[in-house]
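Let's take a relaxed walk through this structure, one topic at a time. Keep the 3D view open and click along as you read.

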Amino acid sequence: MELLERFRNGDQRALARAITLVENDHPDRPLILADLHPLTGRAHVVGITGAPGVGKSTLVDQLATEARRRGKTVGVVAVDPSSPFSGGAVLGDRIRMERGASDRGVFIRSLSARGHAGGISAATGDVVSVLDAFGFDLVLVETVGAGQSEVEVMRLVHTTVVVTIPGLGDDVQAIKAGILEIGDLFVVNKADRDGADRTVMELEMMLDLGEGHGGARTGGTRAGVPGAAGRWDPRGHHGVSGVPAAGGAPEQPGTAPEQSETAPAHWRPPVLKSVAREGQGVAEVMDAVASHLTYLHNSGRWQVRQRQEAENKLRRLVADRLLATVLGPAEENGDLARLAAAVADREQDPFTAARHLLRRYWPGDDKPGPK
Ligand SMILES: Nc1nc2c(ncn2[C@@H]2O[C@H](COP(=O)(O)OP(=O)(O)OP(=O)(O)O)[C@@H](O)[C@H]2O)c(=O)[nH]1
Ligand SMILES: [Mg+2]
């Protein structure tokens with residue numbers, strides 16, 4: 001395919017086109033993703049999430065700039081729920097106007113949160129894969145927290161940055177409710193406002209309380225805080241359970257930062273302050289993001305995660321295929337609607353109706369037996 005050839009040669013217009021095809025579920029989508037698969041698995045994918053207006057886009061913008069300063073190329077995906085009418089291209093245009101057009105090491109894409117057949121997380125995952133395949137060192141994913149779909153989007157990433165602002169007592173409660181588990185690092189942005197230190201303290205306390213419960217994605221107790229001055233907390237050096245200790249070489253050449261001998265086998269999310277609008281604290285956030293990547297490699301979590309993601313993908317593909325095989329024809333010839341009506345009218349129970357559909361539409365001779 002000519003498009004993929006241009007893609008592999010680093011043509012950003014081919015990249016944009018590939019994303020559009022994949023995002024819109026074009027018939028070539030499986031072909032494109034299959035073809036690009038060998039090129040994926042190298043980017044460090046970082047999610048930036050938090051309540052509306054806390055400064056995520058500003059921070060993403062600054063992080064992208066900082067990454068470029070460090071010689072890394074950056075792809076950005078913004079899942080933008082606030083522009084349902086325009087399809088959410090606002091942020092991309094803004095950043096592109098500010099710097100993107102002249103810098104080939106940055107690429108920004110907005111995704112509308114609506115209108116994706118397989119759901120926003122699947123669409124985001126595909127776009128992340130395409131950016132990964134294109135060769136960006138860092139892929140930043142901005143999404144508004146903390147609904148279920150955002151949590152799903154955050155499962156796609158290696159490192160989740162949760163952004164909050166001072167004085168949001170309720171926000172801290174919201175964080176406690178769900179986001180605490182998925183945050184690999186916390187940023188109190190708008191630290192130019194009163195109460196930033198207090199919010200940092202509250203978050204630290206909650207993280208200390210949560211220690212021992214383990215994180216949803218890190219999967220172990222969280223200890224080993226990279227302190228404010230970048231030192232590793234000695235708590236990070238005690239016993240490890242179930243995870244190979246530090247020292248393993250990174251699986252993915254070219255993306256890991258300098259391997260640190262002292263990187264902990266446990267990760268306790270650091271809490272940092274920033275004034276994203278002024279660029280303050282951004283380098284420290286970038287350092288923490290890089291430290292987390294080192295931790296993922298050294299602890300063996302990177303590889304575990306890659307396999308998990310591959311398994312999830314396989315499960316989803318098989319499930320989608322089976323659903324389409326069984327329900328596609330049933331939908332077309334009205335069987336599904338007819339049976340649904342029968343169930344709704346209490347003429348038939350849903351179990352019998354489901355068995356009927358499976359017997360009739362399951363491919364091959366090995367029809368599923370009665371259960
Ligand atoms: N005072 C102050 N304002 C900031 C800071 N960072 C961002 N802002 C402002 O906060 C507002 C929201 O910033 P965005 O970056 O658009 O926030 P967001 O979280 O991406 O917003 P949504 O995508 O709509 O959820 C803008 O007016 C920014 O200029 C900061 O550090 N201090
Ligand atoms: Mg934003």
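Before anything else, one cut-off to keep in mind: a residue is called buried when its relative accessible area is under 20%, exposed when that value is over 50%, and partly exposed in between. Keep in mind too that what you see is a predicted model. With that settled, here is the tour.

**The chain as a whole**

- The protein chain has 371 residues, and 46% of them are buried.
- Its secondary structure adds up to 13 helices and seven strands.
- About 18,500 Å² of the protein chain is exposed, and 53% of that comes from carbon and sulfur atoms.
- Take the contacts between residues at least 6 apart in sequence: 77% of them join residues at least 24 apart.

**Around ligand 1**

- How many residues surround ligand 1? There are 15, and the closest are Lys56, Ser57, Thr58, Lys190 and Asp192.
- Sorted by class, this shell has five nonpolar, five polar and five charged residues.
- Look for an oxygen atom of ligand 1 that sits 2.8 Å from an N or O atom in the side chain of Lys56.
- The backbone joins in as well: a polar backbone atom of Gly55 is 3.0 Å from an oxygen atom of ligand 1, and a polar backbone atom of Ala276 is also 3.0 Å from an oxygen atom of this ligand.
- On its own, ligand 1 has 660 Å² of accessible area, and the protein covers 73% of it.
- Two elements give two or more residues to the shell, namely helix 4 (56–69) and strand 4 (138–144).
- Which of the elements gives the most to the shell around ligand 1? That's helix 4, with three residues.

**The magnesium ion**

- Ligand 2 is a magnesium ion, and its protein donors are Ser57 (OG) and Glu142 (OE), which lie 2.0 to 2.2 Å from the ion.
- Ser57 belongs to helix 4 and Glu142 to strand 4, so this pair ties together parts of the chain that are 85 residues apart in sequence.
- Are these two donors, Ser57 and Glu142, buried or exposed? Both are buried.

**Two residues with a positive phi**

- A bit of background first: most residues other than glycine have a negative phi.
- Lys190 isn't a glycine, yet its phi is positive, near 60°.
- You'll find Lys190 in the loop between strand 6 (185–188) and helix 9 (196–210).
- Lys190 has a relative accessible area of 22%, so this residue is partly exposed.
- Arg346 is another non-glycine with a positive phi, this time about 65°.
- Arg346 sits in the loop between helix 12 (335–344) and helix 13 (350–361).
- Is Arg346 buried or exposed? Its relative accessibility is 71%, so Arg346 counts as exposed.

**A look at Ser129**

- Where is Ser129? This residue lies in helix 6, which covers residues 120–134.
- Now use the cut-off from the start: Ser129 has a relative accessibility of 16%, so it counts as buried.
- Leaving out residues up to four places away in sequence, Ser129 touches Thr40 and Lys313.

How values were computed:
Residues numbered from 1 in each chain as written. Chains lettered and ligands numbered in written order. Predicted model: local features only at pLDDT ≥ 70, side-chain atom pairs only at ≥ 80, totals over all residues. Heavy atoms only, no water. Near = heavy atom within 4 Å. Polar contact = N/O pair within 3.5 Å; in protein donor to acceptor, adjacent residues only side chain to side chain. Areas by Shrake-Rupley, 256 points an atom, 1.4 Å probe, with all protein chains shown as cover. Helix = DSSP H or I, 4+ residues; strand = E, 2+ residues; numbered from the N terminus. Nonpolar A, V, L, I, M, F, W, Y, C, P; charged D, E, K, R; others polar. Buried < 20%, exposed > 50% of the residue type's maximum accessible area, 1.4 Å probe, protein only. Contact = heavy atoms within 4.5 Å. Donors = N, O, S within 2.8 Å, 3.2 Å for Na, K, Ca; no water.
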